[in-house]
Amino acid sequence: MADNDNIKRLLAGMESGDDERTAREFRDLYADAAPEFAPGFVDGVMDRLESNREASVVEFLPRMFKWVAAAGVAAAVTLLVMTYLSQESISLDALAGINEISLAEVSSLDI
């Protein structure tokens, strides 16, 4: 493994601009290093990720509901204003799109 002298030599090689030689020495120096995680590391990371995901879903739904509810209210108000402007009324007939029909209009329909 690396000690302070080896690290200083590698840093000096990097500063001198000899990157290829420094990279080769770095690979040789750490060739015997174990490419494994400590026991239990992977399980600990996975447990932490799972707990964070569960917490984020629980926190996300109420915040999302507020935005969806606000968008719904804005859409309803917009539709009411559009209905009032086009029908000059906010009655149930106007909301359903049914105009007042007189008896004369009904009798003139060809069925």
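Here is a short tutorial chat about reading this predicted model.

User: Where should I start, and how confident is the predictor in the protein chain?

Analyst: Start with pLDDT, the predictor's confidence in each residue, from 0 to 100. For this protein chain the mean pLDDT is 79, and 92% of the residues reach 70 or more. Confidence is lowest in helix α1 (residues 4–16), with a mean of 75, and highest in α3, at 86.

User: What secondary structure does the protein chain have?

Analyst: Here you list the helices and strands, going from the N terminus on. The protein chain has five helices and zero strands, so the order of elements reads α-α-α-α-α. Helix α3 covers residues 41–87, and Ser-56 lies in it.

User: How does the radius of gyration of the protein chain compare with that of a compact globule?

Analyst: The idea is to set the chain's value beside the one a globule would have. A compact globule of 111 residues would come out near 13 Å, but this protein chain has 37 Å. The spans tell you about the outline too: along its principal axes, the C-alpha trace runs about 105 × 35 × 30 Å.

User: Can you show me that with two residues? How far apart are Ser-56 and Met-82 in space?

Analyst: Sure, compare the gap in sequence with the gap in space. Ser-56 and Met-82 are 26 residues apart in sequence, and their C-alpha atoms are 39 Å apart. For another pair, take Leu-11, which sits in helix α1. Leu-11 and Thr-22 are eleven residues apart along the chain, with 8.2 Å between their C-alpha atoms.

User: What share of the protein chain is buried?

Analyst: Look at relative accessible area, where under 20% means buried and over 50% means exposed. Buried residues make up 6% of the 111 residues in the protein chain. The chain exposes about 9900 Å², and carbon and sulfur atoms supply 62% of that.

User: Is Thr-83 buried or exposed?

Analyst: Thr-83 lies in helix α3. Its relative accessible area is 14%, so Thr-83 is buried. Leaving out residues up to four places away in sequence, Thr-83 touches Glu-88, Ser-89, Ala-94 and Leu-95. Ser-56 has a relative accessible area of 35%, so Ser-56 is partly exposed. Leu-11 counts as partly exposed as well, because its relative accessibility is 45%.

User: And how many positive and negative charges does the protein chain have?

Analyst: Count each sign, then ask where each group is centred. The protein chain has 9 positive and 20 negative charges, and the mean positions of the two groups are 15 Å apart.

Conventions:
Residues numbered from 1 in each chain as written. Predicted model: local features only at pLDDT ≥ 70, side-chain atom pairs only at ≥ 80, totals over all residues. Heavy atoms only, no water. Helix = DSSP H or I, 4+ residues; strand = E, 2+ residues; numbered from the N terminus. Buried < 20%, exposed > 50% of the residue type's maximum accessible area, 1.4 Å probe, protein only. Rg over C-alpha atoms; globule rule 2.2 N^0.38 Å. Areas by Shrake-Rupley, 256 points an atom, 1.4 Å probe, with all protein chains shown as cover. Lys, Arg positive; Asp, Glu negative; His and termini not counted. Charge placed at Lys NZ, Arg CZ, Asp CG, Glu CD. Contact = heavy atoms within 4.5 Å.
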